[in-house]
Structure formats: C-alpha cells, structure tokens
Amino acid sequence: QVQLVESGGGLVQTGGSLRLSCAGPGRTFSTYAMGWFRQAPGKERDFVAAISWTSTAYYADSVKGRFTISRDNAKNTVYLQMNSLKPEDTAVYLCAADSLGRWPPKYDYWGQGTQVTVSS
C-alpha cells in the first residue's frame, strides 16, 4: 500500500501564493508519475497538474502560468507551487500516484487532501 501525505494548504488572500507538498514512499518514489487534483464543494474532481518520473510536466489550462509542479526524488516529495491565487482556486487539493510510472498516468493511489481557501 502506497501512502501519500499532503501538506501546505491554508487560507490566503487573492493574489497570494501557497506551496503544497506531497510525501510519498521511499525507494520507488522516483519511478512514479505524480499528479495533483482538486475538488470544490459540490463539484467533480478536476485535474490540476502532473509530472512524470523524468519530470515532464503537464497542466490544466486553468492553472497554466500560475502553478508549477516539481519533484524532489531525494525527499520523496512532489510540490505544487501556486501563485496569483484566485477565489475559484478554493478546493481540497489531492495528490495522486501512478506506481507504474505510466504517461499519461493512470493513478492507483490517492492522498487524503489538503484544503486551500482563497479569500476575495
């Protein structure tokens, strides 16, 4: 069982920044494709960004130019740097892993999520 633990969420004003972290398992983390999703109340889960084990990144149009996904395999961690935040970015942000490293990913493990709230 792969455990993913998100952190870094919180309350921020419009235009502010946050950096989310997702800690994954050791040893094999570097071979995983990783992704971030978000889910607002009453809405479906939406794709935000993904990164391959070779650090190729892909973004949803709604966050391009504002969010950056990155990974530090030495720390078994993937990050989501979020800048120029908007109220519509408010959601629970979830980390996901494709343990087979497929690209595009087919996620087989999910974290519990971290709340991001952007005030207007």
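This passage describes the strands, the nonpolar core, the charged side chains and some backbone features of a predicted model.

In the predicted model, an open sheet is built from 4 strands that follow the order S1-S3-S8-S7, with antiparallel pairing. The edges of this sheet are formed by strand S1, residues 5–7, and strand S7, residues 67–72, each of which pairs on one side only. Averaged over the sheet and with direction ignored, neighbouring strands are turned by 15° against each other.

The pairings can be followed from one edge of the sheet to the other. Strand S1 runs antiparallel to strand S3, which covers residues 18–23, and the two are joined by 3 bridges; within this pairing, Ser7 stands opposite Ser21 of S3. Strand S3 is in turn joined to S8 by 6 bridges, again in the antiparallel sense, and here Ser21 stands opposite Tyr79 of S8. Ser21 thus appears in both pairings, facing Ser7 and Tyr79. The pairing of S7 with S8 is likewise antiparallel and extends over 6 bridges, with Thr68 placed opposite Gln81 of S8. Strands S7 and S8 form a hairpin with 4 residues between the strands, and in this hairpin Asn76 takes a positive phi near 55°. Of the 6 residues of S8, 5 are buried, so this strand is largely enclosed by the rest of the structure.

The largest nonpolar core contains 29 residues, and those with the most contacts inside it are Met34, Trp36, Val78, Leu80, Met82 and Tyr93. At least two residues of this core are supplied by each of S3, strand S4 (33–39), strand S5 (45–51), S7, strand S8 (77–82), strand S9 (91–98) and strand S11 (114–119). The strand that gives the most to the core is S9, with 4 residues. Such an arrangement can be read beside the general tendency of nonpolar side chains in soluble globular proteins to be buried together.

Turning to the charged side chains, the count comes to 4 salt bridges. One of them is formed by the side chains of Arg38 and Asp89, which meet at 2.8 Å, N to O. Because Arg38 lies in strand S4 and Asp89 in the loop between S8 and S9, this pair ties together parts that are 51 residues apart in sequence. Asp89 also forms a salt bridge with Arg66, in which the closest N and O atoms are 2.7 Å apart. This second pair links distant parts of the chain, since Asp89 belongs to the loop between S8 and S9 whereas Arg66 belongs to the loop between strand S6 (57–59) and S7, 23 residues apart. Arg38, Arg66 and Asp89 are accordingly linked in a network of salt bridges. The members of this network are buried: the relative accessible area is 11% for Arg38, 10% for Arg66 and 1% for Asp89.

A further salt bridge joins Asp61 and Lys64, whose closest N and O atoms are 3.2 Å apart. In this pair, Asp61 is exposed, with a relative accessible area of 65%, while Lys64 is partly exposed at 49%.

Arg71, which lies in strand S7, is buried yet has no salt bridge, and the nearest side chain of opposite charge, that of Asp72, is 8.4 Å away. The side chain of Arg71 instead reaches the backbone oxygen of Tyr32 at 2.8 Å, and a polar contact at 2.9 Å is made with the side chain of Asn73.

Several backbone features are found in the loops. The peptide bond from Trp103 to Pro104 is cis, with omega near 0°, and Pro104 is placed in the loop between S9 and strand S10, residues 109–110. Positive phi values also occur at residues other than glycine. Ser55, in the loop between S5 and S6, has a phi near 75° and counts as partly exposed, at 42% relative accessibility. Ser84, in the loop between S8 and S9, has a positive phi of about 50° and is partly exposed, with a relative accessible area of 41%.

Technical notes:
Residues are numbered from 1 along each chain as its sequence is written. This is a predicted model: local features need pLDDT of at least 70, side-chain atom pairs count only at pLDDT 80 or more; totals for chains, interfaces and linings use all residues. Side-chain values use heavy atoms; hydrogens and water are left out. Two strands pair if DSSP finds at least two bridges between them. Axes are lines fitted to C-alpha atoms, for helices over the stretch in contact, and angles run from 0 to 180 degrees between N-to-C directions. A nonpolar core is a set of buried Ala, Val, Leu, Ile, Met, Phe, Trp, Tyr and Cys residues joined through side-chain atoms within 4.5 Å. Buried means under 20% relative accessible area, exposed over 50%, partly exposed in between (1.4 Å probe, protein chains only). Lys and Arg count as positive and Asp and Glu as negative; His and the chain ends are not counted. A polar contact is a pair of N or O atoms within 3.5 Å; within protein, one must be able to donate a hydrogen and the other to accept it, and residues adjacent in sequence count only if both atoms are side-chain atoms.
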